[in-house]
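Please read these comments with the structure open beside you, and find each residue for yourself as it comes up. The points go from charged pairs to the interior and then to the surface.

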Amino acid sequence: MAALGAVALSALFGAAWGAVPGWLQARRGSHIVITTIMFNFIAAAIMTYLLVDVLIRPGSQSPETREFDPGVWLPTMDRALGWIGVAIPASPLNLSFLWALACCALFYLFLWRTRWGYEIRTVGRNERAAVYAGISPARNIILAMAISGALAGFVGVNEIMGVQHRILLNFTGGVGFVGIAVALMGRNHPVGIILAALLFGVLAQGGGQVSFEYPTVNRELVMVIQGLVILFAGALENLFKPRVEALFRRRGGGHDGGTAHG
């Protein structure tokens, strides 16, 4: 129960934190990119203060908390599967992976199978059309940011409750910016995001393993590969899209014409 409470509190705090930039955009016209970046700096400063002056482990010089009680640790996958008689090698993989998949499924149902999800998609597509249809853009912007903040709050579930079992300074390691690339490659669709996240995870883990076994291979090469993947799969999407669409239009037109002629 303690672990479930910690997960719920992380979502609530993330939702409250994300709703503030949403409110600033909806009610004050602030740019969401600027406010969220500034909130990142505020969060980092608060975390540094807490870990250095408040939550630091007694007698430690390292900015980190004491180890949490084992009651809030997430079981690893090898341990969890061992309960049902399935044996896999031990690894840091834990139950947060299954929770991430569940979040993707719930997000899909919310966004494409509920009225609230339809309103959010409508506001995102065309705000003026949403107003004409009686949908409040301000309410849906705040709701979207609150949901985003709640999902972002789950980032610590894996790293803190599943791997480190304590809070470390800068434990996120730039995962937020990687998340932007994952969302871009996944086209903001849960299925695409799962595949893109697995790709980036494989690149990061494989790059670390390669640099460990082959010291001549620089770890930054992984970042170069990630950048190339984003470039060709995301930024250059519209380079070939018009030609491909034109090709299919010509084929479709020719087929229709031949049918009509016959």
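1. A salt bridge is here a side-chain nitrogen of Lys or Arg within 4 Å of a carboxyl oxygen of Asp or Glu. By this rule the count comes to 4 salt bridges, and you should keep in mind throughout that the model is a predicted one.

2. Begin with Glu 64 and Arg 166, which form a salt bridge whose closest N and O atoms are 3.2 Å apart. Glu 64 belongs to the loop between helix 2 and helix 3 (77-82), while Arg 166 belongs to the loop between helix 8 (155-164) and helix 9 (175-185), so the pair ties together parts that are 102 residues apart in sequence. Glu 64 counts as buried, with 10% relative accessibility, whereas Arg 166 is partly exposed at a relative accessible area of 23%. These two residues do not stand by themselves, since Arg 57, Glu 64 and Arg 166 are linked in a network of salt bridges.

3. Which residues form salt bridges with Glu 119? One of them is Arg 115, with the closest N and O atoms 3.2 Å apart, and another is Arg 139, for which that distance is 3.1 Å. Arg 139 sits in helix 7 and Glu 119 in helix 5, so this pair ties together parts that are 20 residues apart in sequence. Arg 115 and Glu 119, by contrast, both lie in helix 5 (residues 115-125), 4 residues apart, or about one turn of the helix. An α-helix has 3.6 residues a turn, so residues three or four places apart point the same way. As for accessibility, Glu 119 counts as buried at 9%, and Arg 139 is partly exposed with a relative accessible area of 45%.

4. Helix 2 (residues 32-54) offers a check on length that you can repeat: with 23 residues at 1.5 Å a residue, helix 2 should span 33 Å, and its end C-alpha atoms are 31 Å apart, which agrees. Its buried residues are Ile 32, Thr 35, Phe 39 and Leu 51, and these pack against helix 1 (2-28) and helix 7 (137-153).

5. The largest nonpolar core has 12 residues in all, among them Ala 3, Val 7, Leu 74, Cys 103, Phe 154 and Met 161. Helix 1, helix 7 and helix 8 each supply at least two residues of this core, and helix 1 gives the most, with 5 residues. To follow one contact set in detail, look at Ala 19, which touches Ile 142, Met 145 and Ala 146 when residues up to four places away in sequence are not counted. There is also a second, separate core of 5 residues, which includes Ala 181, Val 182, Met 185 and Ala 196.

6. What forms the nonpolar patch on the surface? The patch is made of Leu 93, Phe 97, Leu 98, Leu 101, Val 191, Leu 195 and Leu 198, which together have about 600 Å² of accessible area. Helix 4 (96-113) and helix 10 (190-213) are the elements that give two or more residues to the patch. Leu 198, whose place is in helix 10, is partly exposed with a relative accessible area of 43%.

Conventions
Residues numbered from 1 in each chain as written. Predicted model: local features only at pLDDT ≥ 70, side-chain atom pairs only at ≥ 80, totals over all residues. Heavy atoms only, no water. Patch = residues over 30% accessible without salt bridge, like charges linked within 9 Å, V, L, I, M, F, W, Y side chains within 5 Å. Areas by Shrake-Rupley, 256 points an atom, 1.4 Å probe, with all protein chains shown as cover. Buried < 20%, exposed > 50% of the residue type's maximum accessible area, 1.4 Å probe, protein only. Expected span 1.5 Å × (residues − 1). Contact = heavy atoms within 4.5 Å. Core = buried A, V, L, I, M, F, W, Y, C linked by side-chain atoms within 4.5 Å.
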